[in-house]
Amino acid sequence: MNKKFLSVALFGALMLASTSTFTSCKDYDDDISGLQQQVDANKKTLDEKLAALQTAMDKANADVTAAKAAAAAAQAAADQAAQAAAAAKTAAAQAKVDAIAEATRLVNELKVIVDKKVDKAVYDAKMATIDAHLAVIDGKLASLEAADIAIKMQIAALEAFKTSIDALNLTTTFPALQTQVATLVTDLEALSSKVAQNSTDIVTIKADLLALSNRIDTIETNVVAIGTSLNTVIELLSNRLTALTFAPSEFINGIEVINFATLQYTAWTNLLYDEPTGSVTTSINDGKTTAIYYASPSSVKKEHIKKLSILTQDATNTITRATGEIITATLNEEIVNGKMIVNFKKNITGSLNKNPEGNKEAFTLLALQAEIELTEAEIANGMKPVVTSDWARLAETAVVPYIHNTTVGTEVDSAAHFYKYTEAHGSASGDKIFKSLPYTESFDLNTVVGVCDKEGHRYVASDYNLAFEFALVDYQLQQGTEQPTNQKLFARINNGVISSQARNGATNNQDAVGREPLVQIVLRDKTNNQVVDVRYLKIQWTAKKENVALGNLGAFKAAFDAAKCNTAYENIVGEEALNGVYTKMNISNTEFHATYTLDTQVYANESAAVAGTPSVSNLGTIAAITAPGSTVTQNLKWTLQIAQYPITPAEYLAGKAIRTVYGRYINNLNNAMTCTFELKLELTVAQMAFNAGYIQSYWNEGAQLVNTNKDKTFLVNPALTSDVTYGITNFFDCQIIASMLKGYNINNVTIDEPKDLVSNAQNANFVFDINRLSVLGAGWTVDFDGCTLFKNGISAAYIQPGTGVIRLQENPTPTVGTHGTPTSAAKELLGKSVPVKLVATYCNGADGTLTAELDHFMVKFINPLQIALADVTDSFKDLITGGSTISITNIATIKETFGLKRTVWENGAVTTAELGQWYNVQNVTWNLSEAKTNLKKQGNDIIITADPMASNWSDFSADYKLTATPGMVNATSLKFENNSGAALQQAIKIAVPVYATTKWAPKLIDADNQYVILTVMPGATTRR
């Protein structure tokens, strides 16, 4: 049996003003699928609506916050006028927030209705049971269970429909439908009870369902009508005016006003004076003004307002309604986003201002009424057909009208009112010019004049029967002394349109070029035929710009490399190119150069040349020169200092740079007539390159010596005793210093500076490679020029710019008679390698940014000395009275690491005083406090292990004692004493760290034998 149900999605669709119907004559599986699709579609629509409302709410809340802030500021400033304006804005903004909140609530209610949908998974499970129990009755009604599901769906849908109708307040509009739905729900509930009782009267149930189905068809027809009606209702709701808010722009004593202006002036009798000379004041009252209101909702249109009328109220609260109004109101134009511009017109001849009553102000209040169209149902329900605004004070003020320059935004500045006669007439040539025009053009003066009161208000001249008149007055240019030619002769004015003429009257004539006619502007009261205001301006006629493009007169190529740095390139344009100019101009060379003069300025493009606008870059100069071997024939020479127009990185990579400039000839009689030409220079740009080889002896063995190998290592050899610059003859001790240039060679070239190692570069230098400092660990930095290396702010190494010399930092530096002192950071670099690179700078690179890294390597600062510790063959004996002593005088030998590898320390002393001073070798230290032993405590016992580093020797100092003579520094012998009271049963080991103190290495340690191992042998069982 086919079942019908009322689509739950209908309710969301109704609220969105779309026509909805019942879904009928389908099997349940199709119905459920369609229901799910409609629910999902309408949920998406409602979600989009909510998102749009949220965006609007955010903006509205921001408007409220801003309005409240303005109100607070006005309150703090005690500005009553600003407070009133801010209060109006706050109320309007809050009303908008409230309206959006109500709309959001309604949409959320609809979402709840839409969300009350049938769970399709539950339905599918039920249908599986129905399919298994198909029975009789048209082969459609499978079981009472299926009927129960169908009826419950109908009930849920109809109840939701009824709820939505109640929420829409449509019961009065559609009472019959309301009753039909309520009755149908009751009948369905009864049928559901019958099915739930497992009635076997299938025929009766079928008949009841058929009757209900027919009643649903009737309701479905009514719903179509509801959809159509709802479209009308929603249209009415979105366009129905609900509120009018006055937006005041003027205040009197803190009260917002609608102001009518009366113009008052003193007539001018002599128009060549700077001020009016009359004594009688004349008033003009047009009885018109405008005011701004805001309509709510903002979707209201002009056609939705049937009529505007006025309410006025005086101090005795007497109200005058539409008939006999003293003021009428009309809408000026379409309503946009709720903004209404209202025209007001006085219907009385007297002033709107009232005489004061005692010390109190008396005035009239005005409220705007808007009449709206109502439906019959709204009329029947007693809805009022008018919406009334808030009240505003009526006022009428008298102001002085002035001629206004509409091209100036403000009404206060003197420039906003053109010039007085003496200002304009007495000005020098080129001064007080309102507009410069080519003599071939005309200009409508009517477009730049208006009326204002110098207080921020402007007025329509025709409303007051005012008109503008324009005339030319006698005027001779002031250029030191008055010139005899009257500028009035070079212009004519027709209906306010000014154009040029020659003194003989010929229109648009070149004779007007350079002339400055003086224009008189008169504002006339046509009613009284009196002059209200007079102002003046000057028009300057200029030559019409005309240009002949001569094309490219000269192109040349040049190589740009290291040898050409800072070179001035010159391009000579000779007779052949210039003959083409004469041919194009159809003029002889003599006549051309007599008519045109070369402009020595160089321009970036043709339009700049025509306008005479200099380039911000220095593009060189152009000069007229005589041809070689001639005294008459002219040539052109463009000189370009390439250093002032540098190569860009893109040009460097491309290997080519093009410089194009423009020059011009200027007509001697008319400087607006020009002939422009083009000049071009193409430079071949050679890129920088590394062009040196390597000397193997200065680099680590086995390294691939190419500039792409970043790990090859330059060795800083500090054995400089034979060096005349840094040797013993000049310094007291050695420095860790070397010239990196010694690591390079070039055939038949002496290398004096890093620049010699590269080609096509203006400069080159060695710097620390900041991008690879991480190999040194944390805390290492370089200065801005890359020449000083720091560890935590302490200088460690320095590269001398331009020389390639690298050194470890000392403070102070050694002199002839004193030792130098390496910094703590410099000592950390001893024996380490630091990254260095060779950087070249391109000749005249743009902003100094054209650089190239042409070689990378490591620099290793070699420790100048190495110490070797011999094994101690003698051993201590236990149980020796007074302790056992051994000699250690000859244990340490210190030699140079490289070069001659001379012995510096041997047999407990320096070999020569000179070498000892040079390396500042001070002593050999036996650091007994850091000694180790193979003894190990285990509980209360002491055991002997195989590891001589098992424990600290100091852990056993209460039982065993080791001392040095004369001390740990420069020790010559060691003594062992057993104070434990027990004899050693087997040999024990003692490991003592031994190192030498030198200038560069406070602890010069034997890398292979840092600890010297001593042995204590068991003694006789009886002490002697």
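**A loop proline, a pocket and two strand pairings**

P297 lies in the loop between β7 and β8 (305–313). The structure discussed here is a predicted model. In this model P297 has a relative accessibility of 22%, so P297 counts as partly exposed, given that buried means under 20% and exposed over 50%. L244 is 53 residues away from P297 along the chain, and the C-alpha atoms of the two residues are separated by 9.4 Å.

Strand β7 also brings us to the second largest pocket, since β7 gives the most to the lining of this pocket, with 5 residues. The volume of the second largest pocket is about 700 Å³, and 28 residues line the pocket. Nearest its centre lie N259, T289, T290, R458 and Y459. Two or more lining residues come from each of β3 (243–247), β5 (255–266), β7 (288–296), β11 (339–346), β14 (392–399) and β19 (458–459). In chemical character, the lining of the second largest pocket divides into 13 nonpolar, 8 polar and 7 charged residues.

Further along the chain, attention turns to a hairpin. Strand β23 (residues 491–494) and strand β24 (residues 497–500) run antiparallel and are joined by 4 bridges. Within this pairing, N494 stands opposite V497 in β24. The hairpin has 2 residues between the strands, and N495 takes a positive phi near 55°.

An open sheet completes the picture. Its 3 strands follow the order β49-β59-β58, and their pairing is antiparallel. The edges are held by β49 (884–887) and β58 (960–965); each has a single partner strand, so one side of each is left without a neighbour in the sheet. From one strand to the next, the twist averages 20°. How many bridges connect β58 and β59? Strand β59 (residues 973–978) pairs with β58 over 6 bridges, in the antiparallel sense. In this pairing L962 stands opposite F976 in β59. As a general point, strands of a sheet pair through backbone hydrogen bonds, either parallel or antiparallel. In a regular strand, moreover, the side chains alternate between the two faces of the sheet.

Definitions and conventions. Residues are numbered from 1 along each chain as its sequence is written. This is a predicted model: local features need pLDDT of at least 70, side-chain atom pairs count only at pLDDT 80 or more; totals for chains, interfaces and linings use all residues. Side-chain values use heavy atoms; hydrogens and water are left out. Two strands pair if DSSP finds at least two bridges between them. Axes are lines fitted to C-alpha atoms, for helices over the stretch in contact, and angles run from 0 to 180 degrees between N-to-C directions. On a 1 Å grid over the protein atoms alone, a cavity is a set of points where a 1.4 Å probe fits but cannot get out, and a pocket is an open set with protein on both sides within 12 Å along at least five of seven lines; lining residues have an atom within 4 Å of a point. Grid points are joined across faces, edges and corners, and a volume is the space filled by probe spheres set on the points. Ala, Val, Leu, Ile, Met, Phe, Trp, Tyr, Cys and Pro count as nonpolar, Asp, Glu, Lys and Arg as charged, and the others, Gly among them, as polar. Buried means under 20% relative accessible area, exposed over 50%, partly exposed in between (1.4 Å probe, protein chains only).
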